[in-house]
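Q: Please take a close look at the side-chain interactions in this model, with attention to the aromatic and charged groups. I would like one connected account.

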Amino acid sequence: MARRKGRGWHGRLLAAGLTVTAVAAATSVWTAQADPAGARPQANASAPEVAEVAADIAHASDRGPRGVNITIDDGPDPVWTPQVLQLLEDNGVKATFCMVGTQAQAHPDLVKAVVAAGHRLCDHTVSHDTAMDGKSEAYQSQQILDAERMITEASGGVRPQYYRAPGGAFTPYSRKLAASRGMRPLGWNVDTKDFERPGADTMVATVKSEISNGPTVLFHDAGGERSQTLAAMREVLPWLKQQGYSFGFPVR
């Protein structure tokens with residue numbers, strides 16, 4: 001799983017997210033204190049129980065060796081997410097949406113639309129800080145747990161089932177923390193690099209040449225102009241079906 005670097009949009013998002021995180025840290029229902037193993041935050045008495053999942057980074061599909069996981073990062077976005085949802089519906093594909101907490105909080109109608117269409121939610125932190133693996137455990141906790149809360153509230157109570165670190169900035173602590181909250185750490189096998197806008201043909205060629213590396217494909221529905229992403233998906237999704245792949249969700 002290649003490490004991705006931050007982009008200008010995420011720098012602005014990080015600045016906004018840090019403010020949200022600082023405020024949320026004072027009122028969060030979860031503490032940043034870990035258990036003696038350094039793996040789990042302590043919840044207050046009113047917090048619901050969740051089932052812990054595996055802490056290793058998932059890549060496999062629940063549809064088996066011919067399964068493909070379509071994952072959509074950084075939204076929701078009022079321009080691009082509805083178009084992505086329509087494209088997925090047209091092709092009969094379910095996907096996993098890795099949402100940034102501030103985006104989910106700003107667009108709860110889109111979070112609910114994602115859930116209503118049968119897709120799954122993934123925690124992509126509050127502010128998409130690709131350098132968070134070099135920061136304190138308290139900071140990592142705030143980024144992960146506050147985003148979990150924002151997404152759950154925006155969805156109307158549906159919790160994210162996965163956690164994807166921005167740019168792949170996982171740490172042993174963040175993986176264990178997410179897993180303790182029922183969110184399987186989620187990687188990727190095929191990075192379309194659509195955030196660089198290389199052209200739809202290049203993205204399609206990347207998927208076709210790299211899908212043999214593993215089933216989890218990375219696209220974006222926010223963070224910039226995404227017409228190339230939509231064009232690539234229009235070609236890639238039918239092609240994958242023609243090759244005998246089926247669409248599923250990452251294993252949990």
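A: In this predicted model, the count of aromatic pairs comes to 1. The pair is Tyr163 with Phe170: the ring centres are 5.7 Å apart and the planes stand at 90 degrees, so the arrangement is edge-to-face. An angle over 60 degrees is what places a pair in that class. Both Tyr163 and Phe170 are buried.

Two other rings have a charge over them. The charged end of Arg252 sits over the ring of Tyr162, 6.0 Å from its centre. Arg66 lies over the face of Tyr245, and here the distance to the ring centre is 4.0 Å.

The loop between strand 6 (162-163) and helix 6 holds Gly168. Gly168 is buried, with a relative accessible area of 17%; the limit for that label is under 20%. Its C-alpha atom is separated by 7.2 Å from that of Gly187, although the two glycines are 19 residues apart along the chain. Helix 6 itself spans residues 172-180, and its buried residues include Tyr173, Ser174, Leu177, Ala178, Ala179 and Ser180. After helix 6 comes Gly182, which has a positive phi, near 80 degrees.

Turning to charge pairs, side chains of opposite charge can pair when their charged atoms come close. The whole structure contains 9 salt bridges. One of them joins Asp56 and Arg184, with the closest N and O atoms 3.1 Å apart. This pair links distant parts of the chain, since Asp56 is in the loop between strand 2 (41-43) and strand 3 (67-73), Arg184 is in strand 7 (residues 184-185), and their positions lie 128 residues apart in sequence. The two partners carry opposite labels of a sort: Asp56 is partly exposed at 42% relative accessible area, whereas Arg184 is buried at 8%.

A second salt bridge is that of Glu153 and Arg149, at 3.8 Å from N to O. Both residues belong to helix 5 (residues 137-155), and because they are 4 residues apart, about one helical turn separates them. An α-helix has 3.6 residues a turn, so residues three or four places apart point the same way. Glu153 counts as exposed, with 52% relative accessibility, while Arg149 is partly exposed, with a relative accessible area of 22%.

Glu235 and Lys208 also meet in a salt bridge, at 3.8 Å from N to O. Glu235 is in helix 8 and Lys208 in helix 7 (residues 200-210), so this bridge ties together parts that are 27 residues apart in sequence. Both ends are partly exposed: Glu235 has 38% relative accessibility, and Lys208 has a relative accessible area of 35%. Some bridges share partners, and in this way Asp146, Arg149 and Glu153 are joined into one network.

Asp221 is a charged residue without such a partner. It sits in the loop between strand 9 (216-220) and helix 8 (227-242). Asp221 is buried yet has no salt bridge, and the nearest side chain of opposite charge, that of Arg226, is 6.9 Å away. A salt bridge would need a nitrogen-to-oxygen distance within 4 Å, so Arg226 does not qualify. The side chain of Asp221 does make a polar contact, at 2.8 Å, with the side chain of Thr81. Beyond its neighbours within four places in sequence, Asp221 is in contact with a set of residues that includes Ile72, Asp73, Asp74, Gly75, Pro76 and Asp77. Trp80, Thr81, Val84, Phe97 and Arg226 are also among its contacts.

Gln86 is found in helix 2 (residues 80-91). Gln86 is partly exposed, with a relative accessible area of 39%. Its C-alpha atom is 9.7 Å from that of Ala117, and the two residues are 31 residues apart in sequence.

As for the setting of these details, the protein has 8 helices and 10 strands. Of its 252 residues, 55% are buried. Among contacts with a separation of 6 or more, 78% are between residues 24 or more positions apart.

Terms used: Residues are numbered from 1 along each chain as its sequence is written. This is a predicted model: local features need pLDDT of at least 70, side-chain atom pairs count only at pLDDT 80 or more; totals for chains, interfaces and linings use all residues. Side-chain values use heavy atoms; hydrogens and water are left out. Helices (H or I, at least four residues) and strands (E, at least two) are DSSP runs, numbered from the N terminus. Buried means under 20% relative accessible area, exposed over 50%, partly exposed in between (1.4 Å probe, protein chains only). Lys and Arg count as positive and Asp and Glu as negative; His and the chain ends are not counted. A polar contact is a pair of N or O atoms within 3.5 Å; within protein, one must be able to donate a hydrogen and the other to accept it, and residues adjacent in sequence count only if both atoms are side-chain atoms. Contact means heavy atoms within 4.5 Å. Rings of Phe, Tyr and Trp (its six-membered ring) pair if their centres lie within 6.5 Å; planes under 30 degrees apart count as stacked, over 60 as edge-to-face and the rest as tilted. A charge sits over a ring if NZ of Lys or CZ of Arg is within 6 Å of the ring centre and within 35 degrees of the ring normal.
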